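The following exercises concern a single protein chain. Please study the sequence and the structure before reading each solution.

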Amino acid sequence: MAFAVSDELLGTFVPIAVYWLYSGLYVVLDGLGMDDYRLHPKGEEARNIVSRWTVVRGVLVQQAFQIAVSLLLFTVLGDDNGTVRKQPLALVMALQFIIAMFVMDTWQYFMHRYMHINRFLYKHVHSKHHTLVVPYAFGALYNHPLEGLILDTVGGALSFLISGMTPRTGIFFFSFATIKTVDDHCGLWLPGNILHVFFSNNSAYHDIHHQLYGNKYNFSQPFFVMWDKILGTYMPYTLETRKGGGFEARPVKLDRAQQIKAD
């Protein structure tokens, strides 16, 4: 007898598998030697306050919370008759993808920015993520559980519900969002990265935010940079070749007003 797995379960667990597989790919690449493509020299990882094993445990805790909330959501909203929603036309699914991306970006921008504005939330919640001054792939979801709940789980639920996508479409959307988030934290600038062709919100852009001078800029994640540009929190940068190998994302010189804001 065949064992059937629901789209809801797949939508919950597949993105988690994608997270570890895709970030694992970067670990393998790192082992092969990526010094010519790093945004920070390897020795700079010593600036990170937490160990890699602490990060792994923290991410697993957050993913456990995500699983619990997702299963609860699908239990409450699920169809008791066990019917599977019919997939819409490809054009409709593409539109749902775009709507979900916009919703997720909007939610995460304002929640992320508020966690920087509110000193209590930054000190006790969001600062955990910023203990990784030099980001790496599997640290992408190293957050306080409350932040993971607010930004990722609630943001994902809103994207799913407002876009009207089916659970099956959600499998692909959340897997893609996971890949994008991991890529933005990978700490590498790889040639031929197709995500850099379509998105200016990338590993260099987000690396700026993880530095002290960029802490109040580049809040947008994980897809577009529109809210940063609209609301004046966009920090332009240049990508320069570093002596000794690799790249460095350097902010373009700020005007006086922006310097005061950053201080």
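**Exercise 1.** Determine how far apart the end C-alpha atoms of residues 12-33 lie, and state the helix content of the span.

*Solution.* In this predicted model, the end C-alpha atoms of residues 12-33 are 33 Å apart. The span is 95% helix and 0% strand. The unreviewed UniProt entry annotates residues 12-33, 54-77 and 89-110 as "transmembrane region". For residues 89-110, the end C-alpha atoms lie 32 Å apart, with 95% helix and 0% strand.

**Exercise 2.** Describe the span that UniProt lists as "domain: Fatty acid hydroxylase".

*Solution.* The unreviewed entry assigns this name to residues 97-233. Helix makes up 61% of the span and strand 0%. Its end C-alpha atoms are separated by 26 Å.

**Exercise 3.** Establish how many residues of helix α8 are buried, and against which elements they pack.

*Solution.* Helix α8 comprises residues 203-210, and eight of its eight residues are buried. These buried residues pack against α3, α6, α7, α9, β1 and β2. At the start of α8, a side-chain oxygen of Asn202 comes to within 3.2 Å of the backbone nitrogen of Ala204.

**Exercise 4.** Explain why His210 is classed as buried, and identify its polar partners.

*Solution.* First, His210 belongs to helix α8. Secondly, buried means under 20% relative accessible area; His210 has 4%, and is therefore buried. Thirdly, the side chains of His210 and His129 share a polar contact of 3.2 Å. Finally, a polar side-chain atom of His210 lies 2.8 Å from the backbone oxygen of Leu132.

Conventions. Residues are numbered from 1 along each chain as its sequence is written. This is a predicted model: local features need pLDDT of at least 70, side-chain atom pairs count only at pLDDT 80 or more; totals for chains, interfaces and linings use all residues. Side-chain values use heavy atoms; hydrogens and water are left out. UniProt positions are given in the numbering used here, feature names are shortened, and annotations may be inferred rather than shown by experiment. Helices (H or I, at least four residues) and strands (E, at least two) are DSSP runs, numbered from the N terminus. Buried means under 20% relative accessible area, exposed over 50%, partly exposed in between (1.4 Å probe, protein chains only). Contact means heavy atoms within 4.5 Å. A polar contact is a pair of N or O atoms within 3.5 Å; within protein, one must be able to donate a hydrogen and the other to accept it, and residues adjacent in sequence count only if both atoms are side-chain atoms.
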